[in-house]
Amino acid sequence: MKYDVPFIRPVLPSAEEITSDVKEIIAANWFTNFGPKERQFATGIGNYVGQGLHAVTFASATLGLMAAMRVFIRPTSHERRFVIVPSFTFAAGPAAIRWAGLEPLFIDIDPESLQPSLEAARGAITKYGTRIGGILLCNTFGIGNPAIREWETLAKVENLPLIIDSAAGFGSTYADGSMVGSAGTCEVFSFHATKPFAIGEGGAVVCRDESFAQELRAFTNFGFSAGQGASMLGLNGKLQEISASIGLRQLDKFDAALRDRRRTFRKFEAELPSDVFRFPPGMAESSLCFASAVLPNHELREAALARLERDGIEARAYYAPAVHVQPYFSSAPRMDDLTHTLKVTSTILSIPLHQSMRPHAVQSIITALTGKMH
Ligand SMILES: *Cc1c(COP(=O)(O)O)cnc(C)c1O
């Protein structure tokens with residue numbers, strides 16, 4: 001079905017802008033392998049997030065997550081195999097854990113913030129002890145975790161790497177005003193066409209430690225280090241010049257794009273009754289890939305989805321089903337029965353929130369959701 005209001009509507013540079021960049025790349029005859037556009041883009045991403053940070057570009061965030069698992073988590077035989085990860089997330093993170101020969105240990109979320117539960121992580125550490133090799137925290141919906149400093153303290157005290165999947169969160173800020181991308185051992189971004197910062201396919205891992213950044217970069221290039229050939233396990237995960245040139249164009253316009261998305265969110269927040277549509281805290285300071293609200297019960301969520309569908313609006317329920325109920329991950333260990341995760345996946349509603357969203361589209365969503373639903 002073709003929707004009047006699609007769930008995602010990427011805004012990429014114009015055909016003229018892309019054509020002019022492609023001409024430049026062809027004239028330079030340098031298409032990939034850390035060319036001038038990629039070098040400039042990596043620097044731009046690092047600077048955007050903050051001082052003293054190193055950004056390593058990838059052909060996708062999933063490859064970045066795989067590299068982070070490989071570089072930061074060092075299992076010793078069968079010890080330290082488990083990686084704490086929420087089940088309420090996108091499956092790429094748990095998949096990256098398994099690609100690295102590790103095993104996801106699913107934890108529940110906090111029902112208020114919808115972010116991974118710190119209490120559940122503490123419980124997992126108590127129960128599994130030295131069998132835990134790291135934490136994959138997810139900044140759910142790209143929202144900076146409101147308890148990020150507590151997570152950093154926990155990871156430090158337990159001597160565990162804290163890898164953060166901030167795939168949709170480039171441009172978001174934490175509660176203390178620092179940028180998402182600057183916390184933990186490293187943070188991973190996606191620049192997929194569906195994200196607020198879209199280049200098509202691409203991603204980046206941002207970290208403070210320069211030698212780790214070098215290892216991450218070597219991972220994208222077959223594990224090669226200068227003059228020696230392969231010195232570690234790697235693959236080909238490089239970002240090519242055309243993609244980097246799109247990224248450079250997007251960086252220039254990104255602050256204006258963010259302001260625009262946040263304006264639209266404030267409109268949704270003002271017009272949708274807060275006793276029915278509960279947006280998680282921190283959403284207004286995030287980069288807003290889309291807008292997810294928890295509804296009072298499953299029936300109301302289903303009714304809302306049906307009304308949006310009827311009015312030609314494409315809506316979703318992110319992240320449902322939870323990862324631990326997906327067949328490939330159903331055998332993975334978990335802490336307790338993930339009650340809050342299951343409840344939220346049955347009551348969450350994700351509505352479109354585009355860059356430069358037409359007022360008519362915003363209004364049609366509000367009308368569909370506030371007309372008689374009960
Ligand atoms: C989009 C997304 C990914 C995957 O990003 P790719 O660039 O498509 O590999 C991973 N994790 C989360 C939370 C995402 O939203």
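Proline 321 sits in the loop between H9 and H10, and in this predicted model a cis peptide bond, with omega about -5°, joins alanine 320 to proline 321. A further cis bond runs from tyrosine 318 to tyrosine 319, with omega near -5°. Tyrosine 319 is likewise found in the loop between helix H9 (298–310) and helix H10 (339–347). For a newcomer, some background helps here: most peptide bonds are trans, and most residues other than glycine have a negative phi. Phenylalanine 34 is worth a look in this light, as its phi is near 55°, a positive value in a residue other than glycine. Phenylalanine 34 belongs to the loop between helix H1 (15–28) and H2.

The sheet comes next. Its 7 strands form an open sheet with mixed pairing, in the order E1-E7-E6-E5-E4-E2-E3. Strand E1 (54–58) and strand E3 (103–107) each have a single partner strand and stand at the edges, so one side of each is left without a neighbour in the sheet. From one strand to the next, the twist averages 25°. As general background, strands of a sheet pair through backbone hydrogen bonds, either parallel or antiparallel. Strand E2 (residues 82–86) offers an example of the parallel sense, pairing with strand E4 (residues 132–138) over 3 bridges. Within this pair, valine 83 is placed opposite glycine 134 in E4.

Two helices deserve a closer look. Helix H2 (residues 36–49) lies across E1, strand E6 (186–190) and strand E7 (203–207), and runs at about 130° to E1. Helix H8 (residues 241–271) contains 31 residues and reaches 43 Å from its first C-alpha to its last, close to the 45 Å expected at 1.5 Å a residue. H8 also has a kink of about 55°, centred on lysine 253.

The search for open and enclosed spaces completes the tour. The largest pocket has a volume of about 490 Å³. It is lined by 29 residues, of which Phe90, Ala167, Ser190, Thr194 and Lys195 are the closest to its centre. Helix H3 (61–72) and helix H4 (92–99) each contribute at least two residues to the lining of this pocket, and H3 gives the largest share, 3 residues. As for enclosed spaces, 2 cavities of 30 Å³ or more are found in the whole structure. The largest cavity has a volume of about 70 Å³. Its lining comprises 14 residues, with Ile8, Arg9, Pro10, Lys195 and Arg261 nearest its centre. Lys195 thus appears both among the residues closest to the centre of the largest pocket and among those nearest the centre of the largest cavity.

Methods. Residues are numbered from 1 along each chain as its sequence is written. This is a predicted model: local features need pLDDT of at least 70, side-chain atom pairs count only at pLDDT 80 or more; totals for chains, interfaces and linings use all residues. Side-chain values use heavy atoms; hydrogens and water are left out. Two strands pair if DSSP finds at least two bridges between them. Helices (H or I, at least four residues) and strands (E, at least two) are DSSP runs, numbered from the N terminus. Axes are lines fitted to C-alpha atoms, for helices over the stretch in contact, and angles run from 0 to 180 degrees between N-to-C directions. Contact means heavy atoms within 4.5 Å. The expected span of a helix is 1.5 Å times one less than its number of residues. The bend at a residue is the angle between axes fitted to the seven residues ending there and the seven starting there. On a 1 Å grid over the protein atoms alone, a cavity is a set of points where a 1.4 Å probe fits but cannot get out, and a pocket is an open set with protein on both sides within 12 Å along at least five of seven lines; lining residues have an atom within 4 Å of a point. Grid points are joined across faces, edges and corners, and a volume is the space filled by probe spheres set on the points.
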